[in-house]
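The following exercises introduce one chain step by step. Please attempt each task before reading its solution.

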Amino acid sequence: MSVPARTTVAIIGAGPAGLLLARLLQRSGIDSVVLEHRDRAYVEQRQRAGILEQGTIDVLRACGAGERMDREGLPHNGVELRFDRRGHRIDFPSLTGGRAVMVYAQTEMVKDLVALQLAEGGPLLFEARAVAVEGLEAGQPSVRYVHEGREHTLACDFVVGCDGFHGIARAAVPSGVLRTFDREYPFSWLGILADVPPSSDELIYAHSERGFALLSMRTPTVSRLYLQVPNGTDPGDWPDERIWDELDLRFAVDGDWKLERGPITSKSVTPMRSFVTEPMRYGPLFLAGDAAHIVPPTGAKGLNLAVADVVVLARALARWHETGAADLLDAYSDTCLRRVWRAEHFSYFMTTTLHPDPAQSDFDTRLQLSQLHRIADSETAAAELAQNYVGLPFE
Ligand code: APR
Ligand code: PHB
């Protein structure tokens, strides 16, 4: 593939943010080049989140990337909160004016977007590592990158850092310009994939004094389950039987529910953190997705926030392209951060309500249970959870 030396929008990173942005820009007649450090197989196989908000579903359909999602994704109209040995269902459509979510793995969404980009879109380079973002102050932005052993420079009008938490784009902003907000949690998630049909049609978020557990799924025959574990946990210390036994204890409920076991095909430990960068722009450089913010996974907001960022940015760039007006570009950071902070709060709330902190007292546990009872008993409290979970509508 011949790669131009100049493009309108240089996109660093081919995760969900970078790939969807390239797709949306192309639909507005704006050219872009996507530079991705890893190879295609790595990007397509990485295990990540699996819940698409209503707004994410709508955007994928509208840009022609929703066909396989609509065939293979699993629409979900609710979740179960489980605590004190009882389950409580939160019904999304009745509490949100008809909105819901879809179980469709992030890696499947990435595969769909990669295939579309390669077939119909502008250049998408794998194994192309961005090493520097330059010319921001001079108003002549460019990205230096290494591809097939050689260094190249891509000149552009805008650079978008969709390069995740550990990317280089955020670091290209001079020190003192960005303010960051950070919180770490004293626990991690041990996540497994298992070849067994999910033991529940809907997700189960379980609070227990032994720790949090989550039952999720990828397909009708593949379960995805998570256990709260101490930071620094080695998955090697968790043989399969130990994982299933612990899940049994944390999901224990009065009645005849049973957790079905099956072969575990993957195990990994993910730490939890909250992180926000303000502003999400420096001159012609924009940050989107994990490059700008991280949420703990409880509530499944990470992927959906990345999608919301690039929807706002694509609209702003389309307006600039059509009319020359920069007003939406100027509003990008503020527009995104309002949604980001709402999702930060929701993810923090879900995390701290459902996970016992190893240092917490019985008083703290009683407060968590009181909050969970309130959600189970009050339509107002349940609606607040449901509306955040399915995602606030895009403006
Ligand atoms: N040059 C090129 N590509 C890079 C560089 C670099 N210097 N640094 C990082 N990348 C690539 C990574 O290899 C990765 O493919 O940027 C991509 C970032 O993708 P994600 O980490 O998936 O981030 P994002 O697209 O913002 O997606 C949001 O939602 O479920 C959550 O955290 C989860 O991935 C998820 C995210
Ligand atoms: C997942 O299926 O990976 C998942 C689901 C819900 C969450 C987090 C992760 O809150």
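**Exercise 1.** On which sides of strand 13 (residues 203-206) do buried residues lie, and which residues are they?

*Solution.* The model is predicted, so to speak of local features a pLDDT of at least 70 is needed, side-chain atom pairs count only at pLDDT 80 or more, and totals for chains, interfaces and linings use all residues. Residues are numbered from 1 along each chain as its sequence is written, chains are lettered from A and ligands numbered from 1 in the order in which they are written, and side-chain values use heavy atoms, with hydrogens and water left out.

Step 1. Strands (E, at least two residues) and helices (H or I, at least four) are DSSP runs, numbered from the N terminus. Buried means under 20% relative accessible area, exposed over 50%, and partly exposed in between, with a 1.4 Å probe and protein chains only.

Step 2. Leu203 and Tyr205 are buried on one side of strand 13, and Ile204 and Ala206 are buried on the other. Both faces of the strand are therefore covered.

**Exercise 2.** Identify the neighbours of strand 13 and place them in their sheet.

*Solution.* Step 1. Strands of a sheet pair through backbone hydrogen bonds, either parallel or antiparallel. Two strands are taken to pair if DSSP finds at least two bridges between them.

Step 2. Strand 5 (residues 78-83) pairs with strand 13 in the parallel sense over four bridges; Arg82 has Ala206 as its bridge partner.

Step 3. Strand 14 (residues 213-219) runs antiparallel to strand 13, and three bridges join the two. Here Ile204 stands opposite Leu215. The two strands form a hairpin with six residues between them, and Gly211 in the turn has a positive phi of about 130°.

Step 4. These strands belong to an open sheet of eight strands, in the order 6-5-13-14-15-12-16-19, with mixed pairing. Its edges are strand 6 (86-91) and strand 19 (293-294), each of which pairs on one side only. Strand 19 pairs with strand 16 (residues 264-278) in the antiparallel sense over two bridges, and Val276 has His293 as its bridge partner.

**Exercise 3.** Describe the open sheet of three strands.

*Solution.* Step 1. The order is 3-7-4, with antiparallel pairing. Strand 3 (51-52) and strand 4 (74-76) are the edges, each pairing on one side only.

Step 2. Strand 4 is joined to strand 7 (residues 101-103) by three bridges. In this pair, Pro75 has Met102 as its bridge partner.

**Exercise 4.** Are Ile192 and Glu44 buried or exposed?

*Solution.* Step 1. Ile192 is found in strand 12 (residues 179-194). Its relative accessibility is 1%, so Ile192 counts as buried.

Step 2. Contact means heavy atoms within 4.5 Å. Leaving out residues up to four places away in sequence, Ile192 touches several residues, among them Leu225, Trp244 and Ile264.

Step 3. Glu44 lies in helix 2 (residues 40-45). Glu44 also counts as buried, because its relative accessibility is 14%. With residues up to four places away again not counted, Glu44 touches Thr107, Lys111 and Val114.

**Exercise 5.** Examine the backbone at Pro279, Glu127 and Ala300.

*Solution.* Step 1. Most residues other than glycine have a negative phi, and most peptide bonds are trans.

Step 2. The peptide bond from Glu278 to Pro279 is cis, with omega near -15°. Pro279 lies in the loop between strand 16 and strand 17 (281-282).

Step 3. Glu127 is not a glycine, yet has a positive phi of about 50°; this residue is in the loop between strand 8 (124-125) and strand 9 (128-134).

Step 4. Ala300 likewise has a positive phi, near 60°. Ala300 is in the loop between strand 19 and helix 8 (302-323), and is buried, with a relative accessible area of 15%.

**Exercise 6.** Does the radius of gyration agree or disagree with that of a compact globule?

*Solution.* Step 1. The radius of gyration is taken over C-alpha atoms, and the globule rule is 2.2 Å times the number of residues to the power 0.38.

Step 2. For 395 residues a compact globule would have a radius near 21 Å; the chain has 21 Å, so the two agree.

Step 3. The chain has 11 helices and 19 strands, and buried residues make up 55% of its 395 residues. Its C-alpha trace spans about 65 × 40 × 40 Å along the principal axes.
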